[in-house]
Amino acid sequence: MQFFNEHGICRDDIICLFKETFTASEGEAEGDLVANLVTGMFDSVAPHDIHVFTAFDEGKLVGAVIFTRMNFVEDDRTVFILSPAAVATARQGEGIGQALLSHGIGNLRKIGADVVLTYGDPCFYSKVGFGKITGKLARAPLPLSHPEGWLGQSLTTETLTPLKGASTCVAPLDNQLLW
Ligand SMILES: CC(C)(COP(=O)(O)OP(=O)(O)OC[C@H]1O[C@@H](n2cnc3c(N)ncnc32)[C@H](O)[C@@H]1OP(=O)(O)O)[C@@H](O)C(=O)NCCC(=O)NCCS
């Protein structure tokens, strides 16, 4: 398994991986929604606001995770949100998702990010350091339909303390269907 930190050369393969994986797990509409999200991120998010990490096995793309910047208007910490993440349907449950996320989070820590947030299944994401948080600790940019899936972790030696003020996310994530 090899991990890579840039996505330029395999952009279309990554979009296809997200579309196929989410179509298989949650249906065609979700597959299209996530493929459009990723396309929008690749097309419109400034390079310093997005980090894409991929996993390849024997030359084939088997996993991808995307982190984009969030801003908390009254807080100067560097915050990224993980969304979305996918491992090829036929390769799920082998540990690829956890290994790829650990790789990505380790890289974010190296570039000086302070906090990473995500919104998803606590059972899975707790395996890579995320814990449940509330709106008091970090206000979500849009109302959450499943507040129990709001998760975060500190990437520094400091415990996660409340992120101050309202938050904004990149434009492609600013879509209530995703929250
Ligand atoms: C969620 C996902 C990225 C996990 O990647 P993975 O490589 O299958 O996960 P791993 O093998 O590293 O870890 C599996 C562990 O997470 C848990 N888990 C949670 N959701 C799971 C899923 N859909 N498939 C497999 N395991 C899952 C399992 O309990 C397992 O625990 P164990 O290690 O104690 O057995 C992947 O299954 C996937 O792409 N699912 C469909 C798309 C999705 O839901 N993405 C996340 C939301 S953005």
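This note sets out points on the ligand site and on several individual residues of a predicted model.

1. The ligand site. The ligand is surrounded by 17 residues, and the closest are Val-87, Gly-95, Gly-97, Gln-98 and Lys-127. Sorted by class, this shell consists of 7 nonpolar, 7 polar and 3 charged residues. The space that the ligand takes is the largest pocket. Two or more residues of the shell come from each of helix H1 (11-26), strand E4 (79-87), helix H3 (96-110) and helix H4 (122-125).

2. Polar contacts of the ligand. A polar side-chain atom of Gln-98 is placed 2.7 Å from an oxygen atom of the ligand. The backbone also takes part: a polar backbone atom of Val-87 lies 2.8 Å from an oxygen atom of the ligand. Gln-92 has an N or O atom in its side chain at 3.4 Å from a nitrogen atom of the ligand. Of the 850 Å² that the ligand exposes when taken alone, the protein buries 66%.

3. Strand E4 and its cis peptide bond. Pro-84 belongs to strand E4, an element that also gives two or more residues to the shell around the ligand. The peptide bond leading from Ser-83 to Pro-84 is cis, its omega being near 0 degrees. Most peptide bonds are trans.

4. Thr-118. This residue is found in strand E5 (residues 115-119). The side chain of Thr-118 reaches the backbone oxygen of Leu-82 at a distance of 2.7 Å. Thr-118 has a relative accessible area of 1% and therefore counts as buried, the limit being under 20%.

5. Ser-167. Strand E8 (residues 167-168) contains Ser-167. At 2.6 Å, the side chain of Ser-167 reaches the backbone oxygen of Arg-139. Because its relative accessible area is 9%, Ser-167 is classed as buried.

6. Glu-58. Is Glu-58 buried or exposed? Glu-58 is exposed, since its relative accessible area is 81% and the class begins over 50%. The residue is located in the loop between strand E2 (50-57) and strand E3 (60-72). Although Glu-58 is not a glycine, its phi is positive, at about 50 degrees. Most residues other than glycine have a negative phi.

7. Points to inspect in the model. For the ligand, the contacts with Gln-98, Val-87 and Gln-92 may be viewed together. For the backbone, the two places to view are the cis bond from Ser-83 to Pro-84 and the positive phi of Glu-58.

Key
Residues numbered from 1 in each chain as written. Predicted model: local features only at pLDDT ≥ 70, side-chain atom pairs only at ≥ 80, totals over all residues. Heavy atoms only, no water. Near = heavy atom within 4 Å. Polar contact = N/O pair within 3.5 Å; in protein donor to acceptor, adjacent residues only side chain to side chain. Areas by Shrake-Rupley, 256 points an atom, 1.4 Å probe, with all protein chains shown as cover. 1 Å grid on protein atoms, 1.4 Å probe; cavity = no way out; pocket = protein on both sides within 12 Å on 5 of 7 lines; lining within 4 Å. Sits in = over half its atoms within 2 Å of the grid points. Helix = DSSP H or I, 4+ residues; strand = E, 2+ residues; numbered from the N terminus. Nonpolar A, V, L, I, M, F, W, Y, C, P; charged D, E, K, R; others polar. Buried < 20%, exposed > 50% of the residue type's maximum accessible area, 1.4 Å probe, protein only.
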